[in-house]
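Reader: Hey, I've got this protein open on my screen and don't know where to begin. Can you walk me through it?

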Amino acid sequence: MNISYNFSFNLIEFIFELISWAIIGLFAYRLYRRIPEKSKVLKILVCTYIGLFSFSINWNVADTQVKFSILPLGVWILYLILRRKEGRWERYRSFAWLGFFANYIFLANTLLSIPVHQFFYSEDELSTYISHVVDASIIATYPSANEQTLDKESLQKQIHNMRPAANHGIEWYNEIEMESTKKSEKFPYQLIGFSPKWGSNLNAIIYIEDDGKGLLVSTPKKQLYYRSKESMLMGGN
């Protein structure tokens, strides 16, 4: 029985998020040192966190969603609450605004993390999607597919050598639709039990071509086709 753990973790995003919080903490500490009447740290943290709330515009940059904050909703909420008692708004105002401008710290670090992630986890490299194949195997996804076994050694050997080839997805689809009497499927096997490169957060569904020499990598963003000279199926040529 094969047990697979589909744990997704974006290492680069995690590191840049830690950097963002460290910068925010540094600014909060500097503001805290300046105020004459010290407040409880918990209240400062709460005000800074609420200050993060904002009305934002979202857009995609290199397939990554980022947000641009334009209205300081958290600051307005804190103002309405704290103004009821004299001196409270003035005491926490700077931390509320720090929370709002922290959105731009996160934005800047998100934009910086995109090329860093692409540098360490190239989306064109097959080894990004298939890193560990110890527990890998194949299942047939088409009724007429021949019973085959994955050649793990061949797959492992070719992971770092295969490069993206021309993807003729539309042509393949048309062939299947128009030649219905052929009763065949170009990618009748699915690879299971493998793991992507640790920290990439790039999970994909991978199909194997009927001759064992082609891989179709399907992600939520795109499809990539890789072709090898040797078959990745036992007994293949």
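Author: Sure! Keep in mind that this is a predicted model. Let's start with two helices: the axes of helix H3 (residues 73-82) and H4 come within 9 Å and cross at roughly 170 degrees.

Reader: Okay, so how does H3 lie relative to H4, and why?

Author: H3 is roughly antiparallel to H4, because an angle over 145 degrees counts as that.

Reader: Which residues of H3 and H4 meet?

Author: On the H3 side you have Val-75, Leu-78, Tyr-79, Ile-81 and Leu-82. They meet Arg-88, Trp-89, Tyr-92, Ala-96, Trp-97 and Phe-100 in H4.

Reader: And how does the contact of H3 with H4 split by class?

Author: There are 10 nonpolar residues and 1 charged one in that contact, with no polar ones.

Reader: Cool. What about H2 and H3, how do their axes cross?

Author: Helix H2 covers residues 41-51, and its axis comes within 7 Å of the H3 axis, crossing at roughly 135 degrees. H2 and H3 are therefore oblique to each other.

Reader: Which residues in H2 meet H3?

Author: Cys-47, Ile-50 and Gly-51 do, and their partners in H3 are Gly-74, Val-75, Leu-78 and Leu-82. By class, the contact of H2 with H3 has 5 nonpolar and 2 polar residues, and no charged ones. Val-75, Leu-78 and Leu-82 also turn up in the contact of H3 with H4.

Reader: Switching topic: what order do the strands of the open sheet come in?

Author: The order is E3-E5-E6-E7-E8-E4, so 6 strands in an open sheet with antiparallel pairing. The edge strands are E3 (137-140) and E4, and each pairs on one side only.

Reader: What actually holds strands together in a sheet?

Author: In general, strands of a sheet pair through backbone hydrogen bonds.

Reader: How many bridges join E7 to E8?

Author: 5 bridges join E7 (residues 214-218) to E8, and the two run antiparallel. Gly-214, for instance, has Arg-227 in E8 as its bridge partner. E7 and E8 form a hairpin, with 4 residues between them.

Reader: And how is E4 joined to E8?

Author: By 2 bridges, linking E4 (residues 164-165) to E8 (residues 223-227), again antiparallel. There, Pro-164 stands opposite Tyr-226 in E8.

Reader: Last thing: how much space lies in the largest pocket?

Author: About 790 Å³. It's lined by 32 residues, and the closest to its centre are Asn-10, Glu-13, Thr-64, Gln-65 and Thr-110.

Reader: Which elements supply that lining of the largest pocket?

Author: Helix H1 (11-34), strand E2 (64-71) and helix H4 (88-120) each supply at least two residues. H4 gives the largest share, with 9 residues.

Reader: How many residues of the lining are nonpolar, polar or charged?

Author: The lining of the largest pocket has 15 polar, 11 nonpolar and 6 charged residues.

Conventions. Residues are numbered from 1 along each chain as its sequence is written. This is a predicted model: local features need pLDDT of at least 70, side-chain atom pairs count only at pLDDT 80 or more; totals for chains, interfaces and linings use all residues. Side-chain values use heavy atoms; hydrogens and water are left out. On a 1 Å grid over the protein atoms alone, a cavity is a set of points where a 1.4 Å probe fits but cannot get out, and a pocket is an open set with protein on both sides within 12 Å along at least five of seven lines; lining residues have an atom within 4 Å of a point. Grid points are joined across faces, edges and corners, and a volume is the space filled by probe spheres set on the points. Ala, Val, Leu, Ile, Met, Phe, Trp, Tyr, Cys and Pro count as nonpolar, Asp, Glu, Lys and Arg as charged, and the others, Gly among them, as polar. Axes are lines fitted to C-alpha atoms, for helices over the stretch in contact, and angles run from 0 to 180 degrees between N-to-C directions. Angles under 35 degrees count as roughly parallel, over 145 as roughly antiparallel, 65 to 115 as roughly perpendicular and the rest as oblique. Contact means heavy atoms within 4.5 Å.
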